[in-house]
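Trainee: I have a model open and want to learn to read it. Where do we begin?

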Amino acid sequence: MAMTPEQRRVLDLALPMLRQDLDVYRCLPVLIAENLLSDDDIDVLSAEPVRSLRVIKFIRILQQRGSRAYDVFLNILRQLEGASHLADHITELYESLIETNSLPPARTVNITLSGYDAHFDGDAMLMIFIIVL
């Protein structure tokens, strides 16, 4: 089953805290054992030298793995020493999102580069953010 829009949005909203506090490498053994990450995924993550960008790539990969990946990830965070606050934060975001019964609208950005106009939404905003870093 695909990850729900709410789960995907919550992980997006949690990115600022995850970028600061998540050690991706501590999550990998369980995700590999659960067949939620491939060797290619591990290579992509290992090749990223900047920790905060590695977290963003990790979350993007996880969002493509479905609802089970979301649940397994939350359980990992609950069990990892020093990471339970991340699970609590994600859970609070999810509950808040469900209470409001609506997803915030996707962000849209229009960019003009060297005379070319481009229109992007959703993940493109993240790419722009990465470039700015």
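Mentor: Begin with how elements are assigned. Helices (H or I, at least four residues) and strands (E, at least two) are DSSP runs, numbered from the N terminus. Here, Q63 belongs to helix α4, and R60 lies in α4 as well. The model is predicted, so local features need pLDDT of at least 70 and side-chain atom pairs count only at pLDDT 80 or more, while totals for chains, interfaces and linings use all residues. Residues are numbered from 1 along each chain as its sequence is written, and side-chain values use heavy atoms, with hydrogens and water left out.

Trainee: How many helices and strands does the protein chain have, and in what order do they run?

Mentor: Seven helices and two strands. From the N terminus, the order is α-α-α-α-α-α-β-β-α.

Trainee: How do I read confidence?

Mentor: Use pLDDT, the predictor's confidence in each residue, from 0 to 100. The protein chain averages 83, and 76% of the residues score at least 70.

Trainee: Which elements have the lowest and the highest mean pLDDT?

Mentor: Helix α7 (residues 123-132) has the lowest, at 44, and α2 the highest, at 97. Two stretches stay under 50. Residues 108-113 form one of them, with 16 contacts beyond four places in sequence in the model. Residues 116-133 form another, with 31 such contacts. Contact means heavy atoms within 4.5 Å.

Trainee: What can contacts say about the chain as a whole?

Mentor: Look at sequence separation. Among contacts between residues at least 6 apart in sequence, 65% join residues at least 24 apart. Take Y25, in helix α2. Beyond four places in sequence, Y25 touches L45, S46 and R54. The C-alpha atoms of Y25 and R54 are separated by 9.7 Å, with the two positions 29 residues apart along the chain.

Trainee: Is Y25 buried, partly exposed or exposed?

Mentor: Apply the cut-offs: buried is under 20% relative accessible area, exposed is over 50%, and partly exposed is in between (1.4 Å probe, protein chains only). Y25 has 36%, so it is partly exposed. Of the 133 residues of the protein chain, 37% count as buried.

Trainee: How do I check the length of a helix?

Mentor: The expected span is 1.5 Å times one less than the number of residues. Helix α4 (residues 51-63) has 13 residues and should span 18 Å; its end C-alpha atoms are 18 Å apart, which agrees. The 17 residues of α1 should span 24 Å, and the end C-alpha atoms are 24 Å apart, which also agrees.

Trainee: Where does α1 bend?

Mentor: The bend at a residue is the angle between axes fitted to the seven residues ending there and the seven starting there. In α1 the bend is about 55° at L15, and a proline, P16, follows within four residues.

Trainee: Why is α4 described as largely enclosed?

Mentor: Eleven of its 13 residues are buried, so the rest of the structure largely encloses α4. R60 is buried at 16% relative accessible area. Q63 is buried too, at 4%.

Trainee: Which side chains do R60 and Q63 make polar contacts with?

Mentor: A polar contact is a pair of N or O atoms within 3.5 Å; within protein, one must be able to donate a hydrogen and the other to accept it, and residues adjacent in sequence count only if both atoms are side-chain atoms. The side chains of R60 and Q63 are joined by one of 2.5 Å. The Q63 side chain also makes one with the side chain of D12, at 3.1 Å. Beyond four places in sequence, Q63 is in contact with M3, R8, L11 and D12.

Trainee: What makes up the largest nonpolar core?

Mentor: A nonpolar core is a set of buried Ala, Val, Leu, Ile, Met, Phe, Trp, Tyr and Cys residues joined through side-chain atoms within 4.5 Å. The largest here has 35 residues; L18, L22, L31, F58, I59, F73 and I90 have the most contacts inside it. α1 (5-21), α2 (24-33), α3 (39-47), α4, α5 (67-79) and α6 (84-100) each supply at least two residues of this core. Beyond four places in sequence, L31 is in contact with L36, L37, F58, L62, V72 and I76.

Trainee: What should I look for in backbone angles?

Mentor: Most residues other than glycine have a negative phi. N35 has a positive phi, near 55°. N35 sits in the loop between α2 and α3 and counts as exposed, at 70% relative accessibility.
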